[in-house]
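This report goes through one model, from a helix and its surroundings to the contacts between charged side chains. Please keep the sequence and the structure in view while reading.

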Amino acid sequence: MLSEATGKKIVYEDISPESYKAQLEAANTPPGLVAFMTGAAATVKGGYLSEVSFTIGDVTGIPAEDGLAFIKREV
């Protein structure tokens, strides 16, 4: 879907959490950010963010949109 939205070929490569952490550390990512990013990746991979919620729209009065719609609009 990202390839279609951006017009660029984007390839997903599933890597282990350990490899992801090592790559972040090799790029001199600050330790706190490494912890945040690896935790966020585990959350996404576990499917914990797959539920659609309308809370943002209820609170702000601005309807939420899915990530793909955001990318299409911003690219």
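## Terms and model

A residue is called exposed when its relative accessible area is over 50%, buried when that area is under 20%, and partly exposed in between. The model is a predicted one, and the values below should be read with that in mind.

## Helix α3 and its ends

Helix α3 covers residues 31-45. Its 15 residues reach 21 Å from the first C-alpha to the last, which is close to the 21 Å expected at 1.5 Å a residue. G32 is found in this helix, and G32 counts as exposed because its relative accessibility is 54%.

Just after α3, G47 takes a positive phi of about 80 degrees. The C-alpha atoms of G32 and G47 are separated by 23 Å, the two residues being 15 residues apart along the chain.

On the other side of the helix, the loop between α2 and α3 holds N28. Although N28 is not a glycine, it has a positive phi of about 60 degrees. Most residues other than glycine have a negative phi. With a relative accessibility of 69%, N28 counts as exposed.

## A nonpolar surface patch

Which residues form a nonpolar patch on the surface? They are V44, Y48 and L49, and together they have about 390 Å² of accessible area. V44 belongs to helix α3, and it counts as exposed because its relative accessibility, 52%, is over the 50% that the term requires.

## The largest pocket

The largest pocket has a volume of about 300 Å³. Two elements, α2 and α3, give two or more residues to its lining, and α3 gives the most, with five residues.

Among the residues that line this pocket are Y12, E13, D14, I15 and S16, together with P17, Y20 and T38. V44 and K45 are also part of the lining, so that V44 has a place both here and in the nonpolar surface patch.

## Salt bridges

How many salt bridges does the structure hold? It holds three. One of them joins K45 to D14, with the closest N and O atoms 2.7 Å apart. Because K45 lies in helix α3 and D14 in the loop between α1 (2-6) and α2 (17-26), this pair ties together parts that are 31 residues apart in sequence. K45 counts as exposed, at 54% relative accessibility, and both K45 and D14 are among the residues that line the largest pocket.

R73 takes part in a salt bridge with E65, where the closest N and O atoms are 2.2 Å apart, and the side chain of R73 also meets that of E74 in a salt bridge, at 3.2 Å from N to O. E65, R73 and E74 are thus linked in a network of salt bridges. R73 counts as partly exposed, at 47% relative accessibility, and E65 is likewise partly exposed, with a relative accessible area of 42%; both values fall between the limits of 20% and 50% that set this class.

Methods: Residues are numbered from 1 along each chain as its sequence is written. This is a predicted model: local features need pLDDT of at least 70, side-chain atom pairs count only at pLDDT 80 or more; totals for chains, interfaces and linings use all residues. Side-chain values use heavy atoms; hydrogens and water are left out. Patches are made of residues with over 30% relative accessible area and no salt bridge: like charges are joined within 9 Å, nonpolar side chains (Val, Leu, Ile, Met, Phe, Trp, Tyr) within 5 Å. Accessible areas come from the Shrake-Rupley method with a 1.4 Å probe; for residues, only the protein chains shown count as cover. A salt bridge is a side-chain nitrogen of Lys or Arg within 4 Å of a carboxyl oxygen of Asp or Glu. Helices (H or I, at least four residues) and strands (E, at least two) are DSSP runs, numbered from the N terminus. Buried means under 20% relative accessible area, exposed over 50%, partly exposed in between (1.4 Å probe, protein chains only). The expected span of a helix is 1.5 Å times one less than its number of residues. On a 1 Å grid over the protein atoms alone, a cavity is a set of points where a 1.4 Å probe fits but cannot get out, and a pocket is an open set with protein on both sides within 12 Å along at least five of seven lines; lining residues have an atom within 4 Å of a point. Grid points are joined across faces, edges and corners, and a volume is the space filled by probe spheres set on the points.
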